[in-house]
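Hi,

Here is the structure I said I would pass on. Have a look at it first, and then read my notes below.

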Amino acid sequence: MKLHYRNILLPLFFVALISFSGCREEEKKEEHRPNFIILMSDNHSWEHLGSYGDPVLKTPAIDKLAADGLRFNHAYCSAPSCAPARASMLTGQDIWRLEEAANLWGDFPAKFKVFTQLLEESGYLVGHEGKGWGPGDWEASGRTENPAGNKFYSFEEFYNEKERGQPFFYWFSSRDPHRPFKTGGWEKGNIDIDKMEVPPYLPDTEDVRKDMGDYYAEIESFDRDVASYLQLLKEMGQLD
């Protein structure tokens, strides 16, 4: 039996916007455009973060982003399902307009333009790591790359392809948290399952708490990924 910790599990988005201002005289004449990094968790309910008041989860990297930036309290996912929600984000359209892209394991009709394509056409280096758009068959409609952009295996690999002064968009699309959870993750992650708030629609049993603990452990794993990206940007001199 799969236990859901909300009636609808929503993909959760974290967006870091980095902009440049030129300091040399010749650079002032150039157009300086912002760079974008999206760090996305998977089947993650919004309230399960320290910055949204969860008393057990330790998510220091995400909490710092929330404290330094913007935290959204009235933002909603367009669909309670993975691939359709991602298709909606990429196209800026409601899922009922996207034909096969409104389904899990469907295809993604090439007639629908995605914002990554528009960024590439305007000179951005675009790439993704991890899940991107899916699950589904984006090649079936004749697309030559995942709608999320070219696939990379690390941000360093992507960044090394960037030309001097070229703006970039990068999407790290994690598979955490997602079933099947790593069994016993709550123990390895020192999750205090006794202090967790079990939703009223689930039985408050030890097995339920352990399952929730494994889910929490994968959220904390994603937070460590966020921390690693922030550290990389700092080392590259791009964090500000």
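How many disulfides does a search of the whole structure find? The search comes back with zero. Keep in mind while reading that this is a predicted model.

You can follow the reasoning for two of the cysteines yourself. A disulfide needs two cysteine sulfur atoms within 2.5 Å. For Cys77, the closest cysteine sulfur belongs to Cys82 and lies 9.3 Å away, so the two are too far apart for a bond. Looking from Cys82 gives the matching result: its closest cysteine sulfur is in Cys77, at 9.3 Å, again too far. As for their surroundings, Cys82 is buried, with a relative accessible area of 10%, while Cys77 counts as partly exposed because its relative accessibility is 23%.

Next, try finding strand β3, which covers residues 125-130. Six of its six residues are buried, so the rest of the structure largely encloses this strand. Who are its partners? Strand β5 (residues 168-173) pairs with β3 in the parallel sense, over six bridges. If you want a landmark there, His128 sits opposite Trp171 of β5. Strand β4 (residues 150-151) also runs parallel to β3, and two bridges join them. On that side, look for Gly127 opposite Asn150 of β4.

Now for helix α6, residues 206-235. This helix has 30 residues and spans 43 Å from its first C-alpha to its last, close to the 44 Å expected at 1.5 Å a residue. Just after α6 comes Gly237, where phi is positive, at about 75 degrees.

The helix also matters for the next bit, the nonpolar cores. The largest one has 34 residues, and Phe155, Ile191 and Tyr216 are those with the most contacts inside it. Elements giving two or more residues to this core are β2 (35-43), α1 (60-68), α4 (155-159), β5 and α6. Which of them gives the largest share? That is α6, with twelve residues.

Zoom in on Tyr216 and you can list what it touches: His48, Asp54, Val56, Leu57, Ile191 and Met196, leaving out residues up to four places away in sequence. There is a second, separate core too, with 18 residues, including Ala83, Ala87, Leu98 and Trp138.

Happy exploring!

Note on methods. Residues numbered from 1 in each chain as written. Predicted model: local features only at pLDDT ≥ 70, side-chain atom pairs only at ≥ 80, totals over all residues. Heavy atoms only, no water. Buried < 20%, exposed > 50% of the residue type's maximum accessible area, 1.4 Å probe, protein only. Helix = DSSP H or I, 4+ residues; strand = E, 2+ residues; numbered from the N terminus. Pairing = 2+ DSSP bridges. Expected span 1.5 Å × (residues − 1). Core = buried A, V, L, I, M, F, W, Y, C linked by side-chain atoms within 4.5 Å. Contact = heavy atoms within 4.5 Å.
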